[in-house]
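Reader: I'd like to learn how to read a structure like this one. Could you walk me through a few features?

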Amino acid sequence: MPYLRALGRALALAAHSLRSWLDVLVQLIAFALLCVGVVFFLGPVIEWARGRSATMRTLAARWCGVEVAAPYRPAPPDPVRERDGWYRDGNQLYKRAFWIRWQHRLTWALEDPAANREFGWQLVNPLVTLLLPVAVVLGGPRVLRGYGRWTRWWLGPRPAAERRRNWFHRHLEALGHQLGILALSVVQLAFSVVQLVVVAVATPLAPAVVLWSRSITDSLRRETENWTGVRIPRPYQPPPGLPLPRADGLYQVGRQLYEEMFWPLQNARTRWILGDRATWRDMAGGVLSTLVSFVCSVPALVLFGWGMTGIWTLWVWRPFVSPRVRWSPLPEVSTHLGALAQTPLILLALVVAVAPAPWLARQQARFARTWFGPTESARLAQRVERLERTRSDVTVTQAAELRRIERDLHDGIQSRLVAMGMKLGAVEALVDTDPEAAKRLAAELRAASSEALTELRALIRGIHPPVLSERGLLDAVRALALDSPLKAQVTGALPGRAEEPVESCVYFAVSELLGNAAKHGAKRVTIEVAFADGLLTFVVTDDGLGGADPARGSGLRGIERRLGGFDGRLTLTSPIGGPTKATLEIPCQLDQEPSSPKTSTSSETA
């Protein structure tokens, strides 16, 4: 009786899990619609598919005896209306909360690590459950408990899942990244064809269509960096400003005069779009990146599909449907022994399919960077434009810093020195008439001078910490980690010293990030240090509540202004529920200092 009950449950689980392929199909269709601009379906579809996963977690607890908790991050809160009646999201205002709510829920669904595991489970689980009845017949009811643990591994919470992934999982994920880059390249190709047609047939519509298409290219750049770590900067020239009228109030374009601004502005935007080499490189890249991605990913996909279909044919189709099967180019199989003989070859094909996937994905990304990234001239133009834009911010920041130092000196040290001078006058007056009172005042003066010295040292540390000059940036950051109330860990190494202004900028930026993490409920923080290709990188990750936004915090805006003065940038990833990951990048050169003191590569506070 227990065997029959277990077999019935295994068959029910297999029947139910086959519906997951329908979820996969619907999600792929929603993703395709997202790529062509229909953005409203992917988020609700992902949340709808989670209902099937919730049912499987319930069945795993009821039939397999394994409790499986929900692994998802907390849902984002509803937008809050501000006093003026508007809803704010970053620097954008909305009259209604619908758009903000939809954006936050889509980001929440896509950036949750559980979403990737869930999609993989929807693909793989039906194949496993088709073998489950056979396993129950051979192994008895305890096989169901093993299936429950399998379900918990896929659909349960895994706080350190990224660190515990095995070799096959990492490489299979990289194969998925290859296919993702291929899909985005195909979409880019389609939009490149549309752009060419519009430019040739309806030139006045070109600016709007090209700008719309650039959002697709930006998605390819962003996802390629997320998947492979290869950064692809935007290469586009800055947009033109508004046309200025002549003295008579008319707008001039060549020999033509206009009373309204519309046509001069349209003409300037068209010249800006068609004169930008990046526009044509995007179109060419749509063709070439698709070809390269096709060559890199399709053979591995075909081999992987051949292996998965072979396993299904040998161990599902043959035992239950047809006793004799032939899976080309392998010989015909009619017994379990023959299937066992062919299975190692099929497993080897699966390993060969996924083994080069990480390397091939990076090659696809590097090729995409060649066409969708900036050329050297575009990079220099962007740097000049960025420096011009940040120059005023740097000036304002420096003025504010000088005012802060002046205020601290005036309200702190100066007032103490004035008080000490008055007490010195009293000591001079009392030293002959009341020596005891003079001694007490002298003792108070000694204590006041010690306090003034302590305050002055704190002020100096706020301007430029001595440890930064004496030990360098890495040891100064380790000192910050040791002084932080968080459990902080610093990893990485620097091959030399940067210029003092750069070190000071990074030091205070990291100090601000540590303070923000402690203020928003974090318990642990990691600081990763690296230097490669002339780029100094600090990655600060905390386990706080998330939801950080530079538009809402003066501290993060101050960090952006600091980095902007050195042509650096702050990249912030902070989904609702955490974790928050802040990446500081500054282009610079390091001076080799073989005589500098050697230190360990990590430190941690208790």
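Reader: Let me start with one residue. Does Arg 52 count as buried or exposed?

Author: One thing up front: this is a predicted model. To answer you, look at relative accessibility, where buried means under 20%. Arg 52 comes in at 12%, so Arg 52 counts as buried.

Reader: Which residue does the side chain of Arg 52 meet in a salt bridge?

Author: For a salt bridge, look for a side-chain nitrogen of Lys or Arg within 4 Å of a carboxyl oxygen of Asp or Glu. Here the partner of Arg 52 is Asp 23, with 2.7 Å from N to O. Arg 52 sits in helix α3 (residues 42-63) and Asp 23 in helix α2, so this salt bridge ties together parts that are 29 residues apart in sequence. Asp 23 is buried too, with a relative accessible area of 0%.

Reader: How many salt bridges does the structure hold?

Author: There are 17 salt bridges in the structure. Another one of them joins Asp 248 and Arg 246, whose closest N and O atoms are 2.6 Å apart.

Reader: And how do I read the accessibility of that pair? Is Asp 248 buried or partly exposed?

Author: Use the percentages again: partly exposed is what falls between buried, under 20%, and exposed, over 50%. Asp 248 has a relative accessible area of 45%, so Asp 248 is partly exposed. Arg 246, at 37%, is partly exposed as well.

Reader: Which residue forms a salt bridge with Arg 569?

Author: That would be Glu 585, and the closest N and O atoms of the two are 2.7 Å apart. The pair links distant parts of the chain: Arg 569 belongs to strand β9 (residues 569-573) and Glu 585 to strand β10 (residues 580-587), 16 residues apart. Arg 569 counts as partly exposed because its relative accessibility is 26%, while Glu 585 counts as buried at 10%. Salt bridges can also share partners, and here they join Asp 218, Arg 221, Arg 234 and Asp 282 into one network.

Reader: Now to the surface. Which residues form the nonpolar patch?

Author: The patch is made of Leu 22, Leu 25, Ile 29, Leu 33, Val 38, Phe 40, Phe 41, Trp 48 and Phe 98. Together they have about 840 Å² of accessible area. Helix α2 (residues 20-35) gives the largest share, 4 residues.

Reader: Why can Ile 29 be part of that patch?

Author: A patch residue needs over 30% relative accessible area. Ile 29, found in helix α2, is partly exposed at 46%, so Ile 29 is above that cut-off.

Reader: What about empty space inside? How many cavities of 30 Å³ or more does a search of the whole structure find?

Author: Rolling a probe the size of a water molecule over the atoms shows where empty space is left. In this model, the search finds 1 cavity of 30 Å³ or more. The largest cavity has a volume of about 40 Å³.

Reader: Which residues line the largest cavity?

Author: Its lining consists of Pro 76, Pro 77, Asp 78, Pro 79, Arg 101, His 104 and Arg 105. Sorted by class, that lining has 3 nonpolar, 1 polar and 3 charged residues.

Reader: One last try: where does Pro 319 lie?

Author: Pro 319 is in helix α11 (residues 277-320). With 35% relative accessibility, Pro 319 counts as partly exposed. The C-alpha atoms of Pro 319 and Thr 335 are separated by 8.9 Å, and the two residues are 16 residues apart along the chain.

Terms used
Residues numbered from 1 in each chain as written. Predicted model: local features only at pLDDT ≥ 70, side-chain atom pairs only at ≥ 80, totals over all residues. Heavy atoms only, no water. 1 Å grid on protein atoms, 1.4 Å probe; cavity = no way out; pocket = protein on both sides within 12 Å on 5 of 7 lines; lining within 4 Å. Points joined across faces, edges and corners; volume = space filled by probe spheres on them. Nonpolar A, V, L, I, M, F, W, Y, C, P; charged D, E, K, R; others polar. Patch = residues over 30% accessible without salt bridge, like charges linked within 9 Å, V, L, I, M, F, W, Y side chains within 5 Å. Areas by Shrake-Rupley, 256 points an atom, 1.4 Å probe, with all protein chains shown as cover. Helix = DSSP H or I, 4+ residues; strand = E, 2+ residues; numbered from the N terminus. Buried < 20%, exposed > 50% of the residue type's maximum accessible area, 1.4 Å probe, protein only.
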